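Let's walk through a protein model together, one question at a time. Have a look at the picture, then try each question before reading on.

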Amino acid sequence: MSSYEYLSSVYDDLSENVDYDVRSDYISDIFCDNSICSGTVLDLACGTASMSARLMKKGYNIIGIDLSEQMLEIASQRLSQIGDNFTLLKANMQDFELETKVDACICCLDSINHLNTLEAVESSFNCVYKSLKQDGLFVFDVNTVYKHQCILSGNTFVFDEENYFLVWDNEQVDEKTVRILIDLFRFNGQSYDRLSEEFCETAYSVDELKDALKNAGFVDIKVYDELTYNNPDENSERLFFVCKKA
């Protein structure tokens, strides 16, 4: 998985179109519907903790895991402004272990798509399962195969901002995988430094993800179209999975 070493300083700008308030309300409603209106939430691949911050404001304790030190530094600054009921850990989402079990786990904004094999996905699901209390809830979202094939593949996105210029190029590798090539030109006060990043995202079918969840031990698996309680259709671009520890 990419460490986002060079992107951490502009990550929040790149995700400014994400309505974190709506997403956190959606997730917390799911929590409360499953009798988890308080407690500790694991934010897996937490990034700069935009989602964690909103869940903290709703009264949850947070454990955030990410592989990028730069992301975790920004996350720490953000969460410290809200309270001290959080812990941040640098760890791989495929191989981690918590000292205490949590009430729920989230993994947001297609972080699961950064795992490029089903074996890696199942390893991550196994770690989540072991980290949850009995009847603990796992909520995550993913980009769909349709989105990779019809929305991302072959398209280039350009961000022309005051202090940086970024080109985000998507190349199709196969039916499910997109290679993302990023060139970031960041102003240093006199000129621009060029920083490059490359990583792949892989989409999986609903059945593949359901099987991986079942193999890890999860039950009561529900799949919704993005930010709804509707069943997905062939043109769904992002799906939410909700499941429980047996």
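Q: Which side chain of opposite charge is nearest to aspartate 43, and how far away is it?
A: Keep in mind that this is a predicted model. Aspartate 43 sits in strand S1, residues 40-44. This aspartate is buried yet has no salt bridge, and a salt bridge needs a nitrogen and an oxygen within 4 Å. The nearest side chain of opposite charge is arginine 78, at 9.4 Å.

Q: Which residue of S4 is the bridge partner of valine 41?
A: Let's begin with the strands themselves: S1 and S4 pair in the parallel sense over three bridges. S4 covers residues 102-107, and six of its six residues are buried. The partner of valine 41 in S4 is alanine 104.

Q: Which residue in S5 is the bridge partner of isoleucine 106?
A: Isoleucine 106 is among the residues that aspartate 43 touches. S4 also pairs with strand S5 (residues 132-143), in the parallel sense and over five bridges. In S5, the partner of isoleucine 106 is valine 139.

Q: What is the handedness of the β-α-β unit made by S4, helix H5 and S5?
A: Follow the chain from S4 through helix H5, residues 118-131, and on to S5. With the strands pointing away from you, a clockwise path over the helix is called right-handed. This β-α-β unit is right-handed.

Q: Which element gives the most residues to the largest nonpolar core?
A: The largest nonpolar core has 35 residues, and Phe125, Phe138 and Phe218 are those with the most contacts inside it. Elements that give two or more residues to this core include S1, S4, S5 and helix H7 (206-216). The top contributor, with six residues, is H5.

Q: How many residues are in the second, separate core?
A: Before leaving the largest core, notice that phenylalanine 125 touches Phe138 and Phe218, among others. The second core is separate and includes Ile36, Ala53, Tyr60 and Ala75. Its number of residues is 27.

Q: Is serine 205 buried, partly exposed or exposed?
A: Serine 205 is in the loop between strand S9 (192-202) and H7. Its relative accessibility is 27%. Buried means under 20% and exposed means over 50%, so serine 205 counts as partly exposed.

Q: How far apart in sequence are lysine 58 and aspartate 25?
A: The side chains of these two residues meet in a salt bridge, with N and O 2.6 Å apart. Lysine 58 is in the loop between helix H3 (50-57) and S2, while aspartate 25 is in helix H2 (residues 20-33). Their separation along the chain is 33 residues.

Q: How far apart in sequence are the parts tied together by arginine 238 and aspartate 110?
A: Arginine 238 and aspartate 110 form a salt bridge, their closest N and O atoms being 3.3 Å apart. Arginine 238 lies in strand S11 and aspartate 110 in the loop between S4 and H5, so the pair ties together parts that are distant by 128 residues.

Q: Which residues are linked with Asp110 and Arg238 in a network of salt bridges?
A: Both arginine 238 and aspartate 110 are buried. Their network of salt bridges also takes in other charged residues. The residues linked with them are Arg23, Asp141 and Glu226.

How values were computed
Residues are numbered from 1 along each chain as its sequence is written. This is a predicted model: local features need pLDDT of at least 70, side-chain atom pairs count only at pLDDT 80 or more; totals for chains, interfaces and linings use all residues. Side-chain values use heavy atoms; hydrogens and water are left out. Helices (H or I, at least four residues) and strands (E, at least two) are DSSP runs, numbered from the N terminus. Buried means under 20% relative accessible area, exposed over 50%, partly exposed in between (1.4 Å probe, protein chains only). Lys and Arg count as positive and Asp and Glu as negative; His and the chain ends are not counted. Contact means heavy atoms within 4.5 Å. Two strands pair if DSSP finds at least two bridges between them. A nonpolar core is a set of buried Ala, Val, Leu, Ile, Met, Phe, Trp, Tyr and Cys residues joined through side-chain atoms within 4.5 Å. Lists of a residue's contacts leave out its neighbours within four places in sequence.
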